Amino acid sequence: MIDLNQKPYKRSRGMYIAFAALEYLIAILISGSFLARLTGELGISDGLTGIISSFVSLGCLFQLISMFIKPKSSKSFSLYMTLVNNLLFMCLYILPLLDLPKSVSTVAFVVIILLAYMVYNVANPSKTNWFMSLVDDRQRGIFSANKEIISLICGILFTFIMGRVIDHYKEIGELRTAFVICAVCIFVVGTASLLTMVFTVETSATQAKSGEQKNVLRGMLQVFKDKTVLKVTALFILWRIATYSAASFYGAYEVNDLALKQTVIAGLTASGSIARILVSRFLGRYADKTSFARMIRICFVVAMASYTAVVFATPQTGAVCFALYYILNGIAMGGINSALINLVFDYVPVEKRSDSIALSQALSGAVGFLATVCASLVVTHIQGNGNQIFGMQIYAQQLLSVVAALMTGVCILYVTFAFIRKDKKRA
């Protein structure tokens with residue numbers, strides 16, 4: 001039995017918190033409005049930008065590959081994969097500086113970011129298992145909350161700083177200089193994240209034993225046959241459809257149609273992060289007292305309201321409506337992600353939990369990506385008609401927000417009838 005209170009493990013938990021914050025900073029630079037700035041410079045359409053944004057969802061499919069990989073050392077495997085991952089993300093900001101033909105740069109951008117997410121997701125299960133093996137089972141909830149809060153605080157400051165950098169160089173007509181700074185930031189932050197991994201110890205639990213094998217296909221079939229697993233997986237899928245049918249296109253909407261400055265977007269994003277920080281502990285305590293099903297239902301109601309706010313976002317009301325969106329969505333996300341995973345732990349047998357999580361994320365990720373592809377057709381069609389529907393000025397993102405709100409309503413009904421009411425009958 002490992003004594004996790006020993007100094008090396010305490011230090012390693014601190015390194016894990018630092019790594020998570022640094023990883024989050026890189027994620028900020030390759031998502032949302034920052035990604036929209038990059039794709040806009042390369043001449044990539046809003047529809048394709050939305051699809052590219054959803055690669056984070058499609059990337060979950062690659063977690064299935066991880067089920068077939070059993071590295072001898074989780075630490076070494078995670079280190080090398082994270083290095084490759086960071087270098088690929090850095091290349092995204094170098095690409096606009098090369099003055100390649102539009103078709104070439106577009107294909108290169110899509111290939112690089114898809115490879116980056118593939119590498120990230122193949123390594124993620126092993127990396128998460130390594131880091132979380134350093135945390136006492138009885139303290140995982142509070143540790144995860146503290147880790148997320150620190151990442152969010154760092155993200156707020158970083159978003160403001162980098163947003164100001166983007167705005168400054170855009171105003172003086174030197175946006176590519178800002179891209180160089182972003183590339184350097186990814187390199188520096190990525191190097192720091194690798195150092196935190198170097199100074200993190202590895203427990204014997206994350207080292208593969210020689211000759212250890214797992215019949216992955218048989219495990220998958222057993223998981224697919226379990227009705228409880230399928231019930232939880234269905235909720236993962238419904239939520240991915242709701243969020244990826246609209247949110248993937250918000251970055252381009254803010255930058256191109258609403259013409260919001262990067263610092264304004266940074267402020268809006270910060271308001272959502274602050275809201276998430278303030279409610280995360282409260283939602284966790286509520287789930288412990290009642291159930292994660294009841295908690296996630298409340299969060300879905302708030303998420304539905306957040307998408308409804310974007311329905312009314314126009315160039316005149318964009319800042320106000322997106323302020324409401326970020327705050328409400330921050331509150332909702334303070335509970336949704338943790339609740340989805342914890343529903344697996346509440347309803348799925350112990351021996352099937354790991355495979356259930358991997359398959360739920362993979363299937364919902366694939367469906368979420370397909371939802372974005374379908375939504376991108378709507379965006380392209382409406383923008384091709386000059387943002388006119390039945391003679392009215394309506395932006396594609398407003399219509400997609402209606403779809404997202406309705407799908408979130410389906411999630412609310414599903415949780416109520418598939419989980420909460422059945423739990424009452426069982427009691």
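Let's start inside: the residues lining the largest cavity of this model split into 4 nonpolar, 2 polar and 2 charged. Keep in mind as you click around that this is a predicted model.

**Stop 1: the cavity**

Select Glu 23, Met 81, Thr 82, Asn 85, Val 119, Tyr 120, Ala 123 and Lys 127, and you have the lining of the largest cavity on screen. The space inside comes to about 30 Å³. The structure holds 1 cavity of 30 Å³ or more.

Now colour helix 6 (74–94) and helix 7 (102–132), since each of them supplies at least two residues of that lining. Which helix gives the largest share? That would be helix 7, with 4 residues.

**Stop 2: along helix 7 and into a loop**

Stay on helix 7 and pick Val 122, which sits in that helix. Val 122 counts as buried because its relative accessibility is 7%, and the cut-off for buried is under 20%. Next, add Leu 61 to your selection and draw a distance between the two C-alpha atoms. Val 122 and Leu 61 are 61 residues apart along the chain, and their C-alpha atoms are separated by 9.1 Å.

Then move to the loop between helix 6 and helix 7, where you'll find Asp 99. Is Asp 99 buried or exposed? Asp 99 is exposed, at 57% relative accessible area. Have a look at its backbone too: phi of Asp 99 is near 55°, a positive value in a residue other than glycine.

**Stop 3: two residues in helix 8**

Select helix 8, residues 140–171, and find Thr 159 in it. Thr 159 is buried, with a relative accessible area of 8%. Show what surrounds this residue: leaving aside neighbours within four places in sequence, Thr 159 is in contact with Ile 28, Phe 34 and Ala 266.

Staying in helix 8, go to Gly 155. Gly 155 counts as buried too, at 4% relative accessibility. What does Gly 155 touch, not counting residues up to four places away in sequence? Tyr 24, Leu 25 and Ile 28. So Ile 28 is one to keep highlighted, because it turns up in the contacts of buried Thr 159 as well as those of buried Gly 155.

For another distance, try Gly 155 to Leu 95. These two are 60 residues apart in sequence and 25 Å apart in space, C-alpha to C-alpha.

**Stop 4: the nonpolar cores**

Time to look at the packing. The largest nonpolar core has 61 residues. Select Leu 235, Trp 239, Ile 296, Phe 300, Phe 322 and Ile 336, which have the most contacts inside this core. The elements giving two or more residues to the core are helix 11 (227–244), helix 12 (250–257), helix 13 (262–289), helix 14 (292–311), helix 15 (318–347), helix 16 (353–384) and helix 17 (396–426). If you want to colour one of them, go for helix 15, which provides the largest share of this core, 12 residues.

Zoom in on Phe 322 and show its contacts. Leaving aside neighbours within four places in sequence, Phe 322 is in contact with Tyr 250, Tyr 253, Glu 254, Leu 258, Leu 268, Val 310 and Ala 313.

A second core, separate from the one you just saw, has 41 residues. Ile 28, Leu 95, Phe 158 and Val 165 are among them.

**Stop 5: one more loop**

Find the loop between helix 12 and helix 13 and select Ala 259 there. Ala 259 is exposed, with a relative accessible area of 57%. Although not a glycine, Ala 259 has a positive phi of about 55°.

**Stop 6: zoom out**

Clear the selections and view the whole chain as a cartoon. You should find 17 helices and 2 strands. The chain has a radius of gyration of 22 Å, close to the 22 Å that the globule rule gives for 427 residues, so it is as compact as a globular protein of that length. Turn the model around and you'll see a C-alpha trace spanning about 65 × 50 × 40 Å along its principal axes.

Two totals round off the picture. Of the 427 residues in the chain, 53% are buried. And among contacts between residues at least 6 apart in sequence, 85% join residues at least 24 apart.

Definitions and conventions: Residues numbered from 1 in each chain as written. Predicted model: local features only at pLDDT ≥ 70, side-chain atom pairs only at ≥ 80, totals over all residues. Heavy atoms only, no water. 1 Å grid on protein atoms, 1.4 Å probe; cavity = no way out; pocket = protein on both sides within 12 Å on 5 of 7 lines; lining within 4 Å. Points joined across faces, edges and corners; volume = space filled by probe spheres on them. Nonpolar A, V, L, I, M, F, W, Y, C, P; charged D, E, K, R; others polar. Buried < 20%, exposed > 50% of the residue type's maximum accessible area, 1.4 Å probe, protein only. Contact = heavy atoms within 4.5 Å. Core = buried A, V, L, I, M, F, W, Y, C linked by side-chain atoms within 4.5 Å. Rg over C-alpha atoms; globule rule 2.2 N^0.38 Å.
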